[in-house]
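Me: I have a two-part puzzle open on my screen. Can you show me how to read where the pieces meet and where empty space is left?

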Amino acid sequence: MTVIDILFRVDEICKKYDKYDPEKQREANAFLDDAFARLYSLVEADIEKALAVRFLFSYPFLFLFSFQTLIFQINYWNKMQKSDKVSTEKNRAAAVALSAEIRRIKARLMEEVPKLQKLAKKKVKGHSKEDHETRFDMVLALPDRIKAIPDGSTAAASESGGWGTSSSNKKVKFDSSEERFGSDFYQQTEESDQFRQEYEMRKMKQDEGLDVISEGLDTLKNIALDMNEEIDRQVPLMDEIETKVDKTTSDIRKNNVRLKKTITQIRSSRNFCIDIILLCIILGIAFYLYNALK
Amino acid sequence: MSSSDPNKLISKADKLTRLSLTRWSADWKSATLLYEQAANGFRVSKDYEKAKLAFEKASKGQEMLASPWDAAKHMESAAALAKELRNWTEVIDFYRRASELYMQCDRPQPASDSLAKAARALEDALPDDAVQLYTDACVILEDDGKEQMAFDLYRAAASIYVKLEKFTDAATFLLRLGLAADKCNARNSQCKAYLSAIIVYLYAHDLKQAEKCYNDCSQIDAFLRSDQNRCASKLLSAYTEGDVEEIKRVAQSSTISNLDNVIIKLTMVGKGKISLKLEDFGFFYILSFEFLLLLKKG
């Protein structure tokens with residue numbers, strides 16, 4: 001550790017444990033009689049604190065050497081162990097929180113200023129006129145000093161020195177200026193323009209497809225209706241065919257029956273016997289003649 | 001014996017039928033047989049004149065034998081051959097005779113069929129006679145109560161009239177078609193017929209008649225509820241406004257493309273002719289000039 005580091009550390013430690021220092025307390029107590037001095041010292045202390053917090057925040061490494069924010073430092077050290085991105089994120093949140101805190105302090109201090117002004121006007125014994133004047137000047141300088149405490153809303157220049165953690169604060173601010181809001185806004189519409197175009201294109205394509213489908217359906221409908229009519233046309237023809245075919249089948253059956261009857265009549269057993277007897281007689285006569293001639 | 005020279009067969013058959021001292025009655029049976037064989041022989045050898053003659057004689061023979069069906073069949077064959085020979089009067093005669101014979105058989109369907117065949121053959125040569133034949137055919141069918149078969153005939157007759165540019169007659173036929181369709185409950189054909197009639201009237205630039213026709217048709221429920229009705233009203237409104245773009249769009253819609261080819265052709269050409277007869281709408285002259293320019297361009 002270098003000497004400078006040691007010096008810084010020692011300073012911070014002393015500042016932290018000032019309240020235990022009896023001499024300093026006596027000094028501070030001396031101011032108790034003087035209401036103005038008391039209040040002024042309080043305001044000064046607050047400004048210092050705010051600046052320190054701001055200072056510490058802007059230069060994270062110096063966190064390590066600040067005992068005033070020992071716990072904060074431990075937390076930050078833990079954060080540093082993690083990935084950079086995550087730590088940046090956390091830092092941003094922390095940055096936002098701290099900025100809000102600082103703004104609150106600033107607002108409170110601004111309220112104290114008019115009180116101080118009143119006190120400054122009062123005459124206090126033991127102080128010379130010059131002291132009085134200087135006191136008044138100091139009070140006048142206070143508002144500027146308070147306003148000068150940087151919080152997230154001031155220009156980027158002061159924060160660009162940081163590790164970019166504080167610059168990200170800009171986008172989520174509520175009380176940022178008009179122009180910046182406008183430029184961000186414009187950027188987004190370019191993207192949404194593209195999206196909108198794509199959407200329109202897809203819609204057109206879908207419409208075209210649907211048109212084709214509807215034409216096809218129209219043709220199908222027409223074909224179906226024509227087929228329907230054609231089939232309706234065929235129905236009576238089919239009925240006619242059916243009657244004609246029925247008539248023909250019955251005719252054929254009738255004819256078959258008659259034919260059968262005729263054939264059985266022709267080939268009846270009586271005729272058959274007569275045929276055989278006559279045949280035998282003829283054979284007998286032939287045999288007799290044959291014998292006679294032999 | 002059938003493979004012998006058809007001429008010989010014919011002469012033999014003639015001899016059988018001719019009455020003379022030795023022959024007191026003609027022997028139609030065998031003669032008809034011989035005639036048929038001879039006709040077939042002639043047809044195979046592509047001697048159409050002689051074949052036609054043979055068929056005629058065969059048909060007469062069948063008539064004598066009291067079988068009008070066969071007679072009609074032979075007559076039809078004769079007529080087909082006459083068509084090949086482009087002997088139109090003979091075509092008409094033969095087909096008519098055939099149709100009469102069919103009616104004798106109590107068969108109206110083939111009768112109208114033969115008349116339709118005649119009309120088809122004559123479409124290009126004698127369109128007026130063709131239309132007459134179509135009408136007769138339709139009458140036969142309607143008498144028999146078979147209007148559905150008549151649709152095609154009506155449509156064909158209407159297309160002939162359109163070709164002859166007799167638009168009122170064409171529209172009348174289409175309306176008759178609509179009537180026939182109405183009797184058969186053939187709603188689609190009916191609506192298409194009415195739409196076609198309206199288009200024909202519009203093509204003839206008879207806007208009043210077209211509108212009257214449209215009003216008449218709107219009385220009919222089936223038409224009122226159909227796509228064709230919407231299409232017709234769009235077309236009429238576009239016509240009265242002289243809006244060429246709208247007419248083009250309507251003409252390309254599927255309703256119109258489902259109609260008969262002839263009608264579609266009318267709608268396509270009609271777009272160009274709108275401009276010529278817009279005297280009634282004087283302030284659309286400018287529109288007509290523009291449209292003519294468009295036509296000239298492409």
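Me: How many salt bridges are there between chain B and chain A?

Reply: A salt bridge here is a side-chain nitrogen of Lys or Arg within 4 Å of a carboxyl oxygen of Asp or Glu. Between chain B and chain A the count is 4. One of them joins the side chains of Lys146(B) and Glu240(A), at 3.2 Å from N to O.

Me: Okay, and what sort of model is this, before I trust it?

Reply: It's a predicted model, where local features need pLDDT of at least 70, side-chain atom pairs count only at pLDDT 80 or more, and totals for chains, interfaces and linings use all residues. Residues are numbered from 1 along each chain as its sequence is written, chains are lettered from A and ligands numbered from 1 in the order written, and side-chain values use heavy atoms, leaving out hydrogens and water.

Me: How much area do chain B and chain A bury between them?

Reply: Interface size is often given as the accessible area lost when the parts come together. With a 1.4 Å probe, summed over both parts, chain B and chain A bury about 1,100 Å², 39% of it on carbon and sulfur atoms. Counting contacts as heavy atoms within 4.5 Å, 15 residues come from chain B and 11 from chain A.

Me: Which element gives the largest share of the side of chain B that touches chain A?

Reply: Helices are DSSP runs of H or I, at least four residues, numbered from the N terminus. H10(B) gives the largest share, 4 residues.

Me: Now the empty space. What volume does the second largest pocket have?

Reply: Rolling a probe the size of a water molecule over the atoms shows where empty space is left. On a 1 Å grid over the protein atoms alone, a pocket is an open set with protein on both sides within 12 Å along at least five of seven lines, while a cavity is a set of points where a 1.4 Å probe fits but cannot get out; lining residues have an atom within 4 Å of a point. Grid points are joined across faces, edges and corners, and volume is the space filled by probe spheres set on them. The second largest pocket comes to about 590 Å³. Of its 29 lining residues, Asp218(A), Lys221(A), Asp227(B), Gln228(B) and Thr255(B) are closest to the centre. H8(A) supplies the largest share of that lining, 10 residues.

Me: And how many cavities of 30 Å³ or more are there?

Reply: The structure holds 3. The second largest cavity has about 50 Å³ of space, and H8(B) gives the largest share of its lining, 4 residues.

Notes. Buried area = accessible area lost by both parts, 1.4 Å probe. Helix = DSSP H or I, 4+ residues; strand = E, 2+ residues; numbered from the N terminus.
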